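Student: I'm new to this one. Could you pick a single part, take me through it closely, and then show me how the rest connects to it?

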Amino acid sequence: MEFPDVEPEGSSQKKIRRGKIEIKRIENTTNRQVTFCKRRNGLLKKTYELSVLCDAEVALVVFSSRGRLYEYANNRYADDDMK
């Protein structure tokens, strides 16, 4: 006898996913600054990982709303040019 409201074992596990966010300007300046810092650090980390894992030459330049410069570049060949 089967019960219609009971799911088979193992199928009741639901995958938890992150919700989608609406891409628009964050109006609250504090929240915007926090988001910028977190995403900037994530982007810098991903840039580094891409350069190492894929043996690629990568450069990233980011300017904040205050005009500050954040940059990353792997300089694998810079030392070879100096010899």
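Tutor: Let's start on the surface, where Val61, Phe63 and Leu69 make up a nonpolar patch with about 320 Å² of accessible area together. A patch here takes residues with over 30% relative accessible area and no salt bridge, joining nonpolar side chains (Val, Leu, Ile, Met, Phe, Trp, Tyr) within 5 Å and like charges within 9 Å. The areas come from the Shrake-Rupley method with a 1.4 Å probe, and for residues only the protein chains shown count as cover. Before going on, keep in mind that this is a predicted model: local features need pLDDT of at least 70, side-chain atom pairs count only at pLDDT 80 or more, and totals for chains, interfaces and linings use all residues. Residues are numbered from 1 along each chain as its sequence is written, and side-chain values use heavy atoms, with hydrogens and water left out.

Now zoom in on Val61, which sits in strand β1. Val61 counts as exposed because its relative accessibility is 54%; exposed means over 50% relative accessible area, buried under 20%, and partly exposed in between (1.4 Å probe, protein chains only). Strand β1 covers residues 59-63, and its side chains alternate: Ala59, Val61 and Phe63 point to one face and are not buried, while Leu60 and Val62 point to the other and are buried. Strands here are DSSP runs (E, at least two residues), as are helices (H or I, at least four), numbered from the N terminus.

The partner of β1 is β2 (residues 69-73), running antiparallel to β1 and joined to it by five bridges; strands pair if DSSP finds at least two bridges between them. Across from Leu60 in β1 stands Tyr72 in β2. The two strands form a hairpin with five residues between them, and Gly67 in that turn has a positive phi of about 90°.

What does helix α1 add to the picture? Thr47 belongs to this helix, which spans residues 29-53, and Thr47 is buried, at 7% relative accessible area. Setting aside neighbours within four places in sequence, Thr47 is in contact with Val58, Leu60 and Tyr72, contact meaning heavy atoms within 4.5 Å. Phe36 is in α1 too, and it is partly exposed at 22%. With those same neighbours left out, Phe36 is in contact with Val62, Ser64 and Tyr70. Phe36 and Ser64 are 28 residues apart in sequence, yet 8.1 Å apart in space, C-alpha to C-alpha.

The structure also holds two aromatic pairs. In one of them, the rings of Tyr48 and Tyr72 have centres 6.5 Å apart and planes at 90°, so this pair is edge-to-face. That pair links distant parts of the chain, with Tyr48 in helix α1 and Tyr72 in strand β2, 24 residues apart. Rings of Phe, Tyr and Trp (its six-membered ring) pair if their centres lie within 6.5 Å; planes under 30 degrees apart count as stacked, over 60 as edge-to-face and the rest as tilted. Tyr48 itself is partly exposed, at 46%.

Stepping back, the protein has two helices and two strands, in the order α-β-β-α along the sequence. Of its 83 residues, 11% count as buried.

Note on methods
Salt bridge = Lys/Arg side-chain N within 4 Å of Asp/Glu carboxyl O.
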